Amino acid sequence: MDWTIAERPWDDPAGAALRRAQRAELDARYGSDDHEPGGAPQASEIDIFLVAERAGEALGCGALRRLDANSAEIKRMYVTPASRGSGVSTAILRALEAAARERGWTTMRLETGSEQPEAIRFYQREGYREIPLFGKYVGSPISRCFERSLT
């Protein structure tokens, strides 16, 4: 492992660039910019934002948004195409899970899209099970939701 993962503010330039890259990739996959039920998360909703970096180059990011006293939602999980398959995504996910445990959260949830089969396989491989759509994703024809207990 030749990268570091550190907490950053939501408006961190490297993190913002990663989120823009993710958005562009998803716009291309879905053929439009209408692929996020409920809208993009705002800084006030994000409890922790992590960026993975190697030698000043941003490799990936992930965030947590608290849902209730016991659960959090993974947001903006993204790894640059050049860094995929290197273990960065797993390291970010584990760091997010550790941050959730530190806050006493025992359940991790997430939403991903039907046109993101790699993400679906990744989360299933990492122990997340598919659940019914929750929150703002209920009724979305392109959403797939997953959950993992941290206990």
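Let's start at the largest pocket: α1 (13–30), β4, α2, β5 and α3 each supply at least two residues of its lining. Keep in mind that this is a predicted model. The biggest contributor to that lining is α1, which gives nine residues. In total, 40 residues line the largest pocket, and those nearest its centre are Q22, M77, Y78, Q116 and A119. Its volume comes out at about 950 Å³.

From here, α1 is a good thing to follow. The helix has 18 residues, which at 1.5 Å a residue should span 26 Å, and its end C-alpha atoms are indeed 26 Å apart, so the length agrees with expectation. Its buried residues are A14, G15, A16, L18, R19, Q22, L26 and Y30. Q22 is worth a second look, since it is among the residues nearest the centre of the largest pocket and is also on the buried list for α1. What lies over those buried positions? The cover includes β2, β3, β4 and β5.

Those strands bring us to the sheet. It is an open sheet of seven strands with mixed pairing, in the order β1-β2-β3-β4-β5-β7-β6. At the edges sit β1 (4–7) and β6 (129–131), each pairing on one side only. On average, neighbouring strands are turned by 30° against each other, direction ignored. Helix α2 packs on this sheet, touching β1, β2, β3, β4, β5 (107–113) and β7 (143–149), and its direction makes about 155° with that of β4.

Now walk along the sheet from the β1 edge. β1 and β2 run antiparallel and are joined by four bridges; in one of these pairings, T4 has E53 of β2 as its bridge partner. Next come β2 and β3, again antiparallel, with seven bridges between them. One bridge there pairs R54 with E57 of β3. The two strands form a hairpin with two residues between them.

That turn holds a backbone detail you may want to check. A55 has a phi near 50°, a positive value in a residue other than glycine. It sits in the loop between β2 (48–54) and β3 (57–66). Is A55 buried or exposed? Its relative accessibility is 86%, so A55 counts as exposed.

Carry on to β3, which is mostly covered: eight of its 10 residues are buried. On its other pairing, β3 runs antiparallel to β4, with six bridges joining the two. G60 has V79 of β4 as its bridge partner, and a hairpin of four residues links β3 to β4.

A second positive phi turns up in β4. R76, which is not a glycine, has a phi of about 50°, and it lies within the strand itself, β4 (residues 71–79). Which side of the burial cut-off does R76 fall on? With 14% relative accessibility, R76 counts as buried, because the cut-off for buried is under 20%.

Before leaving the strands, stop at F49 in β2. At 1% relative accessibility, it counts as buried. Leaving aside residues up to four places away in sequence, F49 touches A6, E7, R8, P9, W10, G15, R19, C61, G62 and A63. Two of those contacts, G15 and R19, are also among the buried residues of α1. For a sense of distance, F49 and T4 are 45 residues apart in sequence and 14 Å apart in space, C-alpha to C-alpha.

That leaves the other helices. α2 (residues 88–102) has 15 residues and reaches 21 Å from its first C-alpha to its last, close to the 21 Å expected at 1.5 Å a residue. Its buried residues are V88, A91, I92, L93, L96, E97, A99 and A100. Just after α2, G104 takes a positive phi of about 85°. Helix α3 (residues 117–125) lies across β4, β5 and β7, running at about 160° to β5. And with α3 we are back at the largest pocket, where this helix supplies at least two residues of the lining.

Key
Residues are numbered from 1 along each chain as its sequence is written. This is a predicted model: local features need pLDDT of at least 70, side-chain atom pairs count only at pLDDT 80 or more; totals for chains, interfaces and linings use all residues. Side-chain values use heavy atoms; hydrogens and water are left out. The expected span of a helix is 1.5 Å times one less than its number of residues. Buried means under 20% relative accessible area, exposed over 50%, partly exposed in between (1.4 Å probe, protein chains only). Two strands pair if DSSP finds at least two bridges between them. Axes are lines fitted to C-alpha atoms, for helices over the stretch in contact, and angles run from 0 to 180 degrees between N-to-C directions. Contact means heavy atoms within 4.5 Å. On a 1 Å grid over the protein atoms alone, a cavity is a set of points where a 1.4 Å probe fits but cannot get out, and a pocket is an open set with protein on both sides within 12 Å along at least five of seven lines; lining residues have an atom within 4 Å of a point. Grid points are joined across faces, edges and corners, and a volume is the space filled by probe spheres set on the points.
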